[in-house]
Amino acid sequence: MTWAVVPAAGRGMRFGGEKPKQYSPLAGRTVIEHSLRAVLNHDSVDGVVVALSHDDGYWPGWREIGGKPVITCVGGTERADSVLAGLMALPGTVDDDQWVLVHDAARPCLRALDLARLLAVGQADPVGALLAAPVRDTLKRADHLGHSQATEPREWLWRALTPQLFRRGGLTRALQAALRAGVKITDEAMAMERLGLRPCLVEGSEDNIKVTTPADLPLAEFILGNMD
């Protein structure tokens, strides 16, 4: 069985106003509730730990969703701090060899089939896996004046999505090593890569979007309204 960690703290969790973006209303719920339900709806997921900002006054106090436990802890300014706090807050029954999902609080459009595929592929891999999407756009390298210098090959480039799936102990050690080295980790796979490990890329839906601006909310509502 699997637990999930959802980082919901840090400087990147606001649109610019007072309320964190994960509490924005979306299709009758909030962004974060959709994100939590998307992982908790899978039968193999036992519960979730949400890492909150120390001054989060908007958390509704959920103790369970869909009959599964919801635990909270205090996160940090950076993503790695929050994920590490969430890993430390997992129940004692979750040992170092157990698989843990990490999912963004602002990704409400996770499809059930993508999550099922990630769990199946990731748990069969010695390192773990992450949802990702192949880059399809033409990529340009710019100079310091904003002029195009070159066209970059895209054949081996993917956009990292979430959830990402790793064993609790391995991910904990990878994040701790990155923090000791002063490296800013942008996702969990990066922490594993620093140790010479190679997570498996599992192709996920392009519409597993991250809500980063208010303009993303109508798109997310459209996607949710058209999910199977």
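This passage describes the salt bridges and aromatic pairs of a predicted model.

Charged side-chain contacts are considered here before the aromatic ones. Side chains of opposite charge can pair when their charged atoms come close. In the predicted model, 13 salt bridges are found. Three of these contacts are set out individually below, together with the solvent accessibility of the partners.

One salt bridge links the side chains of Glu33 and Arg29, with an N to O distance of 3.6 Å. The acidic partner, Glu33, has a relative accessible area of 12% and is therefore classed as buried, the limit being under 20%. Arg29, by contrast, has a relative accessible area of 37% and is partly exposed. The contact thus joins a buried carboxylate residue to a partly exposed arginine.

A further salt bridge is formed by Asp114 and Arg117, whose closest N and O atoms are 3.0 Å apart. Both residues belong to helix H3, which spans residues 112-122. Because Asp114 and Arg117 are three residues apart in this helix, about one helical turn separates them. With a relative accessibility of 4%, Asp114 is buried, whereas Arg117, at 36%, is partly exposed.

The side chains of Glu152 and Arg141 also meet in a salt bridge, with an N to O distance of 2.6 Å. Glu152 is located in strand E10 (residues 148-152) and Arg141 in strand E9 (residues 139-142), so this pair ties together parts that are 11 residues apart in sequence. Both partners fall in the intermediate accessibility class: Glu152 is partly exposed at a relative accessible area of 25%, and Arg141 is partly exposed at 48% relative accessibility. Beyond the individual pairs, Arg79, Asp104, Arg107, Glu188 and Lys210 are joined into one network by salt bridges that share partners.

Aromatic contacts were examined in terms of ring geometry. A pair of aromatic rings is described by the distance of the centres and the angle of the planes. The structure contains two aromatic pairs. One of them is formed by Trp59 and Trp62, with a centre to centre distance of 5.1 Å and an angle of 85° between the planes. Since planes over 60 degrees apart count as edge-to-face, the Trp59 and Trp62 pair receives that assignment. Trp59 has a relative accessible area of 16% and is accordingly buried.

Key: Residues are numbered from 1 along each chain as its sequence is written. This is a predicted model: local features need pLDDT of at least 70, side-chain atom pairs count only at pLDDT 80 or more; totals for chains, interfaces and linings use all residues. Side-chain values use heavy atoms; hydrogens and water are left out. A salt bridge is a side-chain nitrogen of Lys or Arg within 4 Å of a carboxyl oxygen of Asp or Glu. Buried means under 20% relative accessible area, exposed over 50%, partly exposed in between (1.4 Å probe, protein chains only). Helices (H or I, at least four residues) and strands (E, at least two) are DSSP runs, numbered from the N terminus. Rings of Phe, Tyr and Trp (its six-membered ring) pair if their centres lie within 6.5 Å; planes under 30 degrees apart count as stacked, over 60 as edge-to-face and the rest as tilted.
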